[in-house]
Amino acid sequence: EFIEQTGLAAIMEKEARLMEMLYCGLEQIEGVRSYGNHDVCRGPVMSLNFQGLKASDAAYILESGYGITVRAGLHCSPLIHQAMGTENGGTVRVSISWFTGEKEIQAFLTAAGQIAASLKR
């Protein structure tokens with residue numbers, strides 16, 4: 001019913017815009033590696049890692065320090081993590097929904113920038 005009222009095209013357009021904002025923002029943060037190519041990866045989910053920080057620790061910091069909930073680990077996909085070279089710790093998985101806005105994306109990018117900067121010290 002939600003999709004019927006909102007329109008699938010509107011949902012997909014919003015998700016694409018927010019994911020573009022997320023990918024482009026993360027590209028500017030030294031020490032953060034996002035996986036996938038945002039020109040090809042069009043879904044509302046992405047994986048990333050912070051250089052020098054376990055994915056599980058990054059998820060804990062995001063939740064406890066910033067109130068941002070993400071998932072960390074192999075995400076029921078050990079073979080793809082083996083192919084990506086992340087099988088030892090997995091990745092941080094960020095996802096968006098209709099209820100995510102630019103404010104939340106910016107908050108995540110700010111948190112990611114602060115975390116990455118703290119790791120360089």
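This is a guided tour of a predicted model, arranged as a series of selections to make in the viewer.

Begin with helix H2, residues 8–27, whose 20 residues reach 28 Å from the first C-alpha to the last, close to the 28 Å expected at 1.5 Å a residue. Within H2, colour Ile11, Lys14, Glu15, Leu18, Met19, Leu22, Tyr23, Gly25 and Leu26, which are buried. Looking down the axis of H2, you will find that these buried residues fall within an arc of 165 degrees, so they line one face of the helix. An α-helix has 3.6 residues a turn, so residues three or four places apart point the same way. Now turn to the face of H2 that points away from its buried side, where the exposed residues Ala9 and Glu13 are carried.

Stay with H2 and select Leu22, which, leaving aside its neighbours within four places in sequence, is in contact with Met46, Val94, Ile105, Phe108 and Leu109. Leu22 also leads into the largest nonpolar core, which has 27 residues and in which Leu22, Leu26, Phe50 and Phe108 touch the most other members. To see where this core comes from, show H2, strand S2 (45–50), helix H3 (55–66), strand S4 (91–95) and helix H5 (102–120), each of which supplies at least two of its residues. Helix H5 gives the most to this core, with seven residues.

While H5 is displayed, select Gln106, which is found in this helix and which, at 41% relative accessibility, counts as partly exposed. Add Gly25 to the selection: Gln106 and Gly25 are 81 residues apart in sequence, yet their C-alpha atoms are 8.4 Å apart in space.

Next, show the strands, taking S4 as the point of reference. Strands S2 and S4 run antiparallel and are joined by four bridges, and Ser47 can be picked out standing opposite Arg93 in S4. Strand S3, residues 71–73, also runs antiparallel to S4, with three bridges joining the two, and here it is Arg71 that stands opposite Arg93.

Finish at helix H4, residues 78–84, by selecting His81, which has its place there. His81 counts as buried because its relative accessibility is 2%, a value that falls under the 20% cut-off. Expanding the selection around His81, and not counting residues up to four places away in sequence, brings up Gly73, Leu74, His75, Thr86, Glu87, Gly90 and Thr91 as the residues that His81 touches.

Conventions
Residues numbered from 1 in each chain as written. Predicted model: local features only at pLDDT ≥ 70, side-chain atom pairs only at ≥ 80, totals over all residues. Heavy atoms only, no water. Buried < 20%, exposed > 50% of the residue type's maximum accessible area, 1.4 Å probe, protein only. Contact = heavy atoms within 4.5 Å. Expected span 1.5 Å × (residues − 1). Arc of directions from axis to C-beta. Core = buried A, V, L, I, M, F, W, Y, C linked by side-chain atoms within 4.5 Å. Pairing = 2+ DSSP bridges.
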